[in-house]
Amino acid sequence: MNKRSEALAVRLEAGAGALASFVSTLTEAEWQTCLPGDGRKIGVVVHHVASVYPIEIQLAQALAGGNAITAVTWDAVKAMNHDHSKDQDGVTKEAALALLGGNSAAAAAAIRALSDVELDSAAPVSLNSDAPLTCQFILEDHAVRHSYHHLARIRAALGR
């Protein structure tokens, strides 16, 4: 077992678990609450976190293989989030939590499969001004951080 990839996977699982645990207690009215400054409903944001795990892992795996990430821009991310918000406006708590559980488990398994050499592999990332970033950085800054980031925003919106 690789200690670094295991530690990353455990942190991802902890974040997804904390998000799932918190939102599973929400009322339907809270689930439908829009986040200030964002406009998306809490339920949509939870589904968003879950649905983006495969993309985040795919990007990390590209870097692990020494491949540059191109054509991923903040405008593309904004458009993806906008489309997702429209498509998932009525997502149920059960559906979002099921997707979160499945996709976070798959993401953790993919992370565990990475070697230290792959975690250290770096290539230009268009989302970050073509800075050469490592696979581990992308995992930490995106897949691992994502659930923690949105959980904090959800808690703040609900005053908890």
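How much space lies in the largest cavity? About 40 Å³ of space lies there, and the exercises below build outward from that answer. The structure is a predicted model, in which local features need pLDDT of at least 70 and side-chain atom pairs count only at pLDDT 80 or more, while totals for chains, interfaces and linings use all residues. Residues are numbered from 1 along each chain as its sequence is written, and side-chain values use heavy atoms, with hydrogens and water left out.

**Exercise 1. Describe the largest cavity and its lining.**

Solution. Begin with the term: on a 1 Å grid over the protein atoms alone, a cavity is a set of points where a 1.4 Å probe fits but cannot get out, a pocket is an open set with protein on both sides within 12 Å along at least five of seven lines, and lining residues have an atom within 4 Å of a point. Grid points are joined across faces, edges and corners, and a volume is the space filled by probe spheres set on the points. Next, a search of the whole structure finds one cavity of 30 Å³ or more. Leu59, Ile69, Val72, Val125, Leu127, Ile138 and His142 line the largest cavity. Finally, sort this lining by class, where Ala, Val, Leu, Ile, Met, Phe, Trp, Tyr, Cys and Pro count as nonpolar, Asp, Glu, Lys and Arg as charged, and the others, Gly among them, as polar; the result is six nonpolar, one polar and no charged residues.

**Exercise 2. Work out which helices supply the lining of the largest pocket.**

Solution. The largest pocket holds about 480 Å³ of space and is lined by 20 residues, with Trp74, Val77, Asn81, His142 and His146 nearest its centre. Helices (H or I, at least four residues) and strands (E, at least two) are DSSP runs, numbered from the N terminus. At least two lining residues come from each of helix H3 (42-64), helix H4 (74-87) and helix H7 (135-158), and H4 gives the largest share, six residues. By class, the lining divides into ten nonpolar, six polar and four charged residues.

**Exercise 3. Decide whether Glu30 is buried or exposed, and find its partners.**

Solution. Glu30 lies in helix H2 (residues 28-31). Buried means under 20% relative accessible area, exposed over 50%, and partly exposed in between (1.4 Å probe, protein chains only); Glu30 is therefore buried, because its relative accessible area is 18%. A polar atom of the Glu30 side chain lies 2.8 Å from the backbone nitrogen of Thr27. With contact taken as heavy atoms within 4.5 Å, and neighbours within four places in sequence left aside, Glu30 is in contact with Thr25, Ile42, Leu158 and Arg160.

**Exercise 4. Trace how Glu6 meets a distant part of the sequence.**

Solution. Glu6 is placed in helix H1 (residues 3-23). Although Glu6 and Ile111 are 105 residues apart in sequence, their C-alpha atoms are 7.4 Å apart in space. Not counting residues up to four places away in sequence, Glu6 touches Met1 and Arg112. A polar contact (a pair of N or O atoms within 3.5 Å; within protein, one must be able to donate a hydrogen and the other to accept it, and residues adjacent in sequence count only if both atoms are side-chain atoms) of 2.6 Å joins the side chains of Glu6 and Arg112.
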